[in-house]
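Colleague: I would like to learn how to read a model like this one, feature by feature. Could you walk me through it, starting with the vocabulary?

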Amino acid sequence: MQLVAASVLALASGVFAQNVVQFNVSRGVPGVHLGSIPVLGKRAATHSERLINFMAGGGYYARVSLGTPPQVTTMLLDTGSSDAWVLSHKADLCIDDDLQHETQLICVDTFNPSKSSTHKVIDPRGFQIKYLDGGIASGGWMQDDFTIGGTTIKSLQLAYVTKAKRNTGILGLGFAASEKAATKYPNIIDQLANQNLISSKAFSLYLNDRRTDAGSILFGGIDTDKFIGPLQIIPLLATNGTYTSFEIDFSSLAVTLPNSTTLEMKTSMLDHAAPAVLDSGTTLSYLPDDMVDILIGNLDTFFDPELDMLLINCAYLTSSSPSLSFQFYFLNSTASIRVPVWEMVLDVLSPSYVPPDDAPFKNACLFGIQSTEIFETTGTVKQPNFTLLGDTFLRSAYVVFDLGNYEVGMGQANLNSSSSRIIELKEGEGKNATETETATKTKGLPEVTGVLAQQTTFTPTTGPVMTLVTTKNNAAVKLGMTGVGEMMGVVGITSLMAVLGGVFMAL
């Protein structure tokens with residue numbers, strides 16, 4: 001999962017079908033404006049990954065209410081972890097001027113339990129979580145009333161964090177088996193179902209086009225106007241008989257090159273399995289190193305050791321008729337999603353960026369696919385034998401995460417859809433969902449079909465580079481046209497991890 005540069009899930013929302021909770025997506029984190037950022041000097045790989053996350057605008061945030069009377073707080077939406085946590089009003093980052101100066105972060109908002117009449121302490125300590133990028137958060141456990149999308153969950157268990165170098169909480173949407181509590185508990189999806197607020201432990205995610213600012217998430221329902229063709233059902237993979245993440249069979253990647261030839265890479269070529277984890281909290285997508293090497297050999301790319309990132313020629317994006325595309329195949333190639341060029345060739349580097357002297361081209365863009373080897377070099381994973389599909393993939397897909405039946409439904413996203421046809425997911429017997437507004441389920445997701453074809457087109461526009469400005473004690477720190485090398489000297493190594501994003505898949 002990622003951090004500050006992100007999108008906000010608006011609190012304003014509605015219920016469009018019985019027992020379906022919807023809230024909308026708008027890009028932009030409170031207090032942060034997205035834009036090109038000049039490159040850093042030499043640093044550890046994790047730091048550059050967080051910088052890239054900021055530049056690419058990764059992460060999707062929810063504004064929720066907690067307690068009685070309600071206190072509004074901001075949380076990162078994360079399918080890669082299972083615990084929800086908020087920043088305590090006593091969190092070190094929120095009260096320590098030196099830490100704020102070191103990280104150049106100010107807490108977006110916090111939760112004060114003494115101001116809530118429904119707050120209950122479960123364990124004043126006992127919460128600690130480590131994410132794939134090496135970030136750690138710790139604190140205690142509590143219960144309180146939690147409102148999202150106009151729907152209130154009574155006595156939801158979540159953590160309140162007292163030590164963390166990030167300025168918002170995280171809303172984990174994964175399986176209870178991956179919770180970090182000593183005793184497993186019903187998390188947000190469990191409680192929505194347990195309290196009869198939704199009829200099925202499932203939610204649908206529509207991140208929409210990277211070049212727009214609209215999307216949505218549905219708890220307990222499917223919006224058939226948001227995807228094209230049939231919903232493709234893919235079973236999740238278990239680990240030692242237990243379902244712990246949204247991990248699916250990844251069969252191959254086919255890349256259509258500008259000369260109309262197709263480059264196909266099957267995971268069977270690897271000497272290990274490479275299942276794909278669907279993680280909304282990760283900005284980029286990561287493939288096994290052997291597959292990335294083939295991409296490097298067939299595309300106009302180079303590796304920048306200063307960024308510790310793979311870059312690609314922007315010409316793929318700016319040609320009169322861009323033809324480069326990426327087709328991801330799953331479940332023995334029976335399901336697939338096409339990702340267009342503008343999701344994988346990201347024009348986010350500053351005009352002042354200077355590539356290495358031996359770079360084969362000067363007009364460099366960030367490549368939306370990187371190697372999982374980066375996690376091995378940072379020490380968080382010893383054998384990165386997996387695929388991590390983040391926002392550069394997920395924005396092209398409409399995904400239904402079904403925790404009750406251990407599967408996902410996946411359809412090609414109908415980008416920039418302006419209409420809705422929401423179907424409630426219900427357990428039990430009944431009519432086919434294509435004929436009624438209630439989708440009934442006996443053994444998994446129903447057979448539903450979206451629209452026939454992409455309904456809208458979109459022409460990207462170019463705007464001015466924007467900046468992030470935060471002020472504390474009359475001191476301002478800017479990201480944007482300010483040299484990030486200069487910022488590095490002020491902010492420090494650790495703060496870059498907090499300011500600029502991360503990979504928040506829990507370990």
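Modeller: Happy to. Let us begin with burial: a residue is called buried when its relative accessible area is under 20%, and exposed when that value is over 50%. Please keep in mind that this is a predicted model. As a case, C365 has a relative accessibility of 0%, so C365 counts as buried.

Colleague: What share of the residues of the protein chain counts as buried?

Modeller: Of its 507 residues, 59% are buried. The accessible surface of the chain is about 19100 Å², and carbon and sulfur atoms hold 50% of that area. In secondary structure, the chain has 11 helices and 32 strands.

Colleague: And how should I read the contacts along the chain?

Modeller: Look at sequence separation. Among contacts with a separation of 6 or more, 71% are between residues 24 or more positions apart.

Colleague: Let us return to the cysteines. How many disulfides does the structure hold?

Modeller: There are two. If you count the bonded cysteines along the chain, the pattern is 1-2, 3-4.

Colleague: Which cysteine does C94 pair with, and what is the handedness of the link?

Modeller: C94 pairs with C107, with 2.0 Å between the sulfur atoms. The torsion about the S-S bond is -95°, and the link is left-handed. C94 sits in helix 2 (residues 92–95), while C107 belongs to the loop between helix 3 (97–103) and strand 6 (120–130), so the disulfide ties together parts that are 13 residues apart in sequence. Both ends fall under the burial cut-off: C94 has a relative accessible area of 19%, and C107 comes to 14%.

Colleague: Which residue is C365 joined to, and where do the two partners lie?

Modeller: C365 is joined to C314, with an S to S distance of 1.9 Å. This pair links distant parts of the chain, 51 residues apart: C314 is in the loop between strand 20 (309–313) and helix 6 (315–318), and C365 is in strand 24 (residues 364–367). The torsion about their S-S bond is about 110°, so this disulfide is right-handed. C314 is buried too, with a relative accessible area of 2%.

Colleague: Now a strand, please. Which side chains of strand 16 are buried, and which are not?

Modeller: Follow the side chains along the strand and check which face each one points to. In strand 16 (residues 262–266) they alternate: L263 and M265 point to one face and are buried, whereas T262, E264 and K266 point to the other face and are not buried.

Colleague: How many bridges join strand 15 to strand 16, and what lies between the two?

Modeller: Five bridges join strand 15 (residues 250–256) to strand 16, and the two run antiparallel. Within this pairing, S252 of strand 15 stands opposite K266 in strand 16. The two strands form a hairpin with five residues between them, and S260 in the turn has a positive phi of about 75°.

Colleague: One last stop, a loop residue. Is K165 buried or partly exposed?

Modeller: K165 is partly exposed, at 34% relative accessibility. This lysine is found in the loop between strand 8 (151–163) and strand 9 (169–172). Its side chain has a polar contact of 3.4 Å with the side chain of E102. In addition, the C-alpha atoms of K165 and A137 are separated by 7.7 Å, although 28 residues separate the two along the chain.

How values were computed:
Residues numbered from 1 in each chain as written. Predicted model: local features only at pLDDT ≥ 70, side-chain atom pairs only at ≥ 80, totals over all residues. Heavy atoms only, no water. Disulfide = S-S within 2.5 Å. Helix = DSSP H or I, 4+ residues; strand = E, 2+ residues; numbered from the N terminus. Buried < 20%, exposed > 50% of the residue type's maximum accessible area, 1.4 Å probe, protein only. Contact = heavy atoms within 4.5 Å. Areas by Shrake-Rupley, 256 points an atom, 1.4 Å probe, with all protein chains shown as cover. Pairing = 2+ DSSP bridges. Polar contact = N/O pair within 3.5 Å; in protein donor to acceptor, adjacent residues only side chain to side chain.
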